[in-house]
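Good morning, colleagues. Please take a moment to look at the sequence and the structure on the screen before I begin.

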Amino acid sequence: MRIRIVDAFTDHPFSGNPAGVLLLTDADAFPDDTWLQNVALEVNHAETAFAHRLPEGAAADWALRWFTPAAEVAMCGHATLATAHVLHTTGAHEGPVRFATRSGVLVTTPAADGSVTMDFPTAPLTRLDPPDGLARALGAEPLTVLDTGPNVGDLLVEVADEKTVHALSPDPKALAAHSERGIIATARAEDPARGYDFVSRCFFPNVGIDEDPVTGSAHTALAPFWAERLGRPRLTGLQASPRSGRVRTELRGDRTLLTGRAVTVIEGDLLV
């Protein structure tokens, strides 16, 4: 089987968010979960995506699962983008792709410019009182705290400004106590003329990721939050990790469209 490393939410290598992508040859089922987890640990990126083709007439075209080096996750945007990119660039699939996942059927649509748009469920946001110890663990005072629902599993935390987001240096062990997966820290863009409307950083200690480079699933929560604040359904988010990346979002009620590009940087044979 061919295994690839793809940088997602970027148009040039060594930026965005790297994901492993493995197109499985068995069209009937996934291998044993232990094997999947071991491959993800060996790849050692924020997620490795495993996909196999579904029979003709099924409700989706491909089955898709995502694993971090430590655990399986319910939804992953950048590894979905990476998988769609591999399917299109290798000729394994043409046109829109329907993926059967733990979060339902997710559809990706390629564009002529090489970008891919993903149709994901919008995260339901529920306002919460700031938990005791969150400000200390994050290293900044939260202005607003929201639960993002079961698919995302994070706390969305608004902080004072973009400079505060860039300066965050949280305590991962302390953050782990505050949500199922982790924390999305966000603020309004200081200067929208730079090409983005809001900024974020994502910390996921509970799945073995101290900081994620660019997180598609987080933008299913960021999109409705900032669409309401800014009064526009179409926005661009900058995830300000060291690798950085941009995600174009469009809120459509209970669905959120996420658009980005991807680049394959490594391709090889899996020998086990």
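I shall speak about two pockets, one arginine and the cysteines.

Please bear in mind that this is a predicted model.

I begin with the largest pocket. The space inside it comes to about 190 Å³. Its lining is made up of 15 residues, and those nearest the centre are Phe-9, Thr-10, Asp-11, Gly-245 and Arg-246. Two elements each give two or more residues to this lining, namely strand E16 (245-252) and strand E17 (255-260). Strand E16 gives the most, with 3 residues. What is the make-up of the lining by class? There are 9 polar residues, 5 charged residues and 1 nonpolar residue in the lining of the largest pocket.

I turn now to the second largest pocket, which holds about 160 Å³ of space. Among the residues that line it are Glu-72, Met-75, Arg-102, Asn-151, Glu-180, Arg-181 and Val-207. Strand E5 (72-73) and helix H4 (149-152) are the elements that give two or more residues to this lining. Helix H4 gives the most here, with 3 residues. By class, the lining of the second largest pocket has 6 nonpolar, 4 charged and 2 polar residues.

One residue of that lining deserves a closer look, namely Arg-181. Where in the fold does Arg-181 lie? Its place is in the loop between helix H6 (172-175) and strand E12 (182-188). Is Arg-181 buried or exposed? Arg-181 counts as buried, because its relative accessibility is 7% and the cut-off for buried is under 20%. The side chain of Arg-181 is joined to that of Asp-154 by a polar contact of 2.6 Å. Beyond its neighbours within four places in sequence, Arg-181 is in contact with a number of residues, including Met-75, Val-152, Gly-153, Phe-203, Phe-204, Pro-205, Thr-215 and Ser-217. Met-75, Val-152 and Gly-153 also appear in the lining of the second largest pocket.

Finally, the cysteines. How many disulfides does a search of the whole structure find? The search finds 0. For Cys-76, the closest cysteine sulfur is that of Cys-202, and the two sulfurs do not form a bond because 11 Å is too far. A disulfide would require the sulfur atoms to be within 2.5 Å. Both cysteines are buried: Cys-76 has a relative accessible area of 3%, and Cys-202 has one of 0%.

That concludes my presentation, and I thank you for your attention.

Methods: Residues numbered from 1 in each chain as written. Predicted model: local features only at pLDDT ≥ 70, side-chain atom pairs only at ≥ 80, totals over all residues. Heavy atoms only, no water. Helix = DSSP H or I, 4+ residues; strand = E, 2+ residues; numbered from the N terminus. Buried < 20%, exposed > 50% of the residue type's maximum accessible area, 1.4 Å probe, protein only. Polar contact = N/O pair within 3.5 Å; in protein donor to acceptor, adjacent residues only side chain to side chain. Contact = heavy atoms within 4.5 Å. 1 Å grid on protein atoms, 1.4 Å probe; cavity = no way out; pocket = protein on both sides within 12 Å on 5 of 7 lines; lining within 4 Å. Points joined across faces, edges and corners; volume = space filled by probe spheres on them. Nonpolar A, V, L, I, M, F, W, Y, C, P; charged D, E, K, R; others polar.
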